[in-house]
Amino acid sequence: MRAFVLGVVATTLAVLPAWGQELTPIKLAEGVYGITGPRGAINTGVVVGDRGVFVYSCQLAEYDQRLAAIRSVARGKPIRFVANGHYAWDDTGCNHMLAEQGAVVLGNPEFARLLRPYWAGRVEDDRKSGRVKKEYLEGKRVEMALPSVLFDQKLTLDLGSHVVELIVVGKAHTPDNTVAWLPREKVLFTNDVLFAELHPVADERSDLANWQRILKTLASWGPASVVPGHGRFVPGNGAKPLLELDRYWETLRQKVRAMKDGGKSLDEIKKGMVAEFTEFSTWGKGGRFEPAEAIQSGAELIYRELSKP
Ligand SMILES: [Zn+2]
C-alpha cells in the first residue's frame with residue numbers, strides 16, 4: 001500500500017507543470033485571457049466578444065486542453081476567428097481543427113507563403129512521434145490551416161464589445177511576425193516577438209536589429225498587459241518584458257561588438273560568449289535551443305549583422 005501511494009505521488013509530481021496555472025485562462029481584462037502553455041510551450045490569446053471568440057496561437061499537442069480552456073471562458077460563443085504570430089507549427093497547429101468547426105483563419109500573404117510548404121512535414125513529424133491524436137492529423141489538408149482572409153499590414157476585427165487589431169510588425173524572430181493588439185484594453189499578444197525570462201530563439205530567419213526596434217515600438221504603445229509567445233506573464237506586467245528582451249539583445253550585441261573589435265573570430269566569439277554572457281543566466285530554455293545554443297546562435301547573427309557593409 002505504501003509503495004502504491006508513493007507511486008501515485010511520484011506519478012502526480014511527474015505530470016505537474018513546472019509552474020502553476022498552465023492551460024488555465026488568466027484574465028487580463030473583461031473577456032480577454034491568456035492561456036499559459038505547459039513548460040514554456042506557446043501561450044494562447046483569447047478574446048471573447050459579443051460577436052464571437054478570437055483565438056491567437058494554439059499548439060496541437062495540447063489541443064483538447066487548450067480548447068477546453070477556451071470554452072471555459074467563451075460563454076457559449078463560437079470561435080469565429082483564428083490568427084497566428086507566425087507560421088511555426090507550435091503556433092499554427094490548431095488552425096485546421098478550428099477552421100473545420102467554422103472559424104476563419106486570418107493572416108498576411110508572407111505568413112501563408114511560409115506556412116504552405118512547411119505544414120505537411122510537421123503533421124508527419126507529429127504523426128510519427130505519437131504526440132497528437134491520429135484523427136487530428138490523418139486526412140487533414142493544409143488548405144484548412146491557411147488563412148482565407150488575407151491582409152497586408154493591419155486588420156481590425158470588430159467583435160462588438162472588443163476591437164482586435166492584427167498588426168504585421170515585420171521581420172524579427174521570423175519574416176512574418178504579427179501581433180494582436182487590443183487598443184481599448186491595452187492588451188498585447190506578441191507570440192514569438194517576445195520570450196519572457198527564457199532565452200529567445202533566433203536563427204537564419206531572424207533579424208535582430210529589426211527585432212530590437214520592434215520591441216521598443218511595442219513598448220511605446222504603453223501596454224497594460226503583455227502575453228509573450230513563450231514564458232510567464234501576469235496581468236499588469238506592462239512593457240517591462242519587452243524592454244527586458246531588448247536589453248538581452250543589446251547586452252549580447254555590445255559583447256559581440258567588443259570581442260569583434262578586439263580581433264576575435266566568429267568561432268572564438270561563439271565559444272567565449274557562453275562564459276561571458278552571464279547576466280541572464282536565470283533565464284530558462286525558450287525553444288528548441290538549450291541556453292548555450294541560443295546565446296551562440298544570437299551571437300552569430302549579431303556578428304553577421306555587424307559585418308554587413
Ligand atoms: Zn514558438
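This is a short tour of three helices and one strand residue in a predicted model.

**Stop 1: helix H7**

Select residues 208-220, which form helix H7. Check its length before anything else. At 1.5 Å a residue, the 13 residues of H7 should span 18 Å, and the end C-alpha atoms are indeed 18 Å apart, so expectation and model agree.

Now show the side chains. Leu208, Trp211, Ile214, Leu215, Leu218 and Ala219 are the buried residues of H7. They lie on the same side of H7, because they cover an arc of only 135° around the axis. Turn to the face away from that buried side. Exposed Thr217 and Ser220 are there.

What do the buried residues of H7 pack against? Add strand S9 (163-170), strand S10 (177-182) and strand S11 (187-196) to the view, then H8 and H10; these five elements are the partners.

Before leaving, step just past the end of H7. Gly222 has a positive phi of about 65°.

**Stop 2: helix H10**

Select residues 291-307 for helix H10. The same length check applies here. The 17 residues of H10 should span 24 Å at 1.5 Å a residue; the end C-alpha atoms are 24 Å apart, which agrees.

Colour the buried residues of H10: Ala294, Ile295, Gly298, Ala299, Leu301, Ile302 and Tyr303. Their packing partners are H7, helix H8 (240-261) and H9. H7 from the previous stop is thus back in view.

**Stop 3: where H9 meets H10**

Keep H10 and add helix H9, residues 266-276. The two axes come within 9 Å and cross at roughly 145°. The crossing is right-handed.

Which residues make the contact? From H9, pick Leu266, Ile269, Lys270, Met273 and Val274. From H10, pick Ala292, Ile295, Gln296, Ala299, Glu300 and Tyr303. By type, the residues of this contact are eight nonpolar, one polar and two charged. Ile295, Ala299 and Tyr303 of H10 may look familiar: they are among the buried residues of that helix.

**Stop 4: Val227**

Move to strand S12, residues 225-231, and centre on Val227. Is Val227 buried or exposed? Val227 counts as buried, because it has 33 C-beta neighbours inside 10 Å, and the cut-off for burial is 20 or more.

Next, select the contacts of Val227 beyond four places in sequence: Gly34, Asn43, Gly45, Phe189, Thr190 and Phe233.

Finish with a distance. Draw a line from the C-alpha atom of Val227 to that of Leu28. The separation is 9.3 Å, although the two are 199 residues apart along the chain.

Note on methods
Residues numbered from 1 in each chain as written. Predicted model: local features only at pLDDT ≥ 70, side-chain atom pairs only at ≥ 80, totals over all residues. Axes fitted to C-alpha atoms, helices over the stretch in contact; angles between N-to-C directions. Helix = DSSP H or I, 4+ residues; strand = E, 2+ residues; numbered from the N terminus. Left-handed = near helix turned anticlockwise from the far one by under 90°. Contact = placed C-beta atoms within 7 Å. Nonpolar A, V, L, I, M, F, W, Y, C, P; charged D, E, K, R; others polar. Expected span 1.5 Å × (residues − 1). Buried ≥ 20, exposed ≤ 12 C-beta atoms within 10 Å, placed from the backbone. Arc of directions from axis to C-beta.
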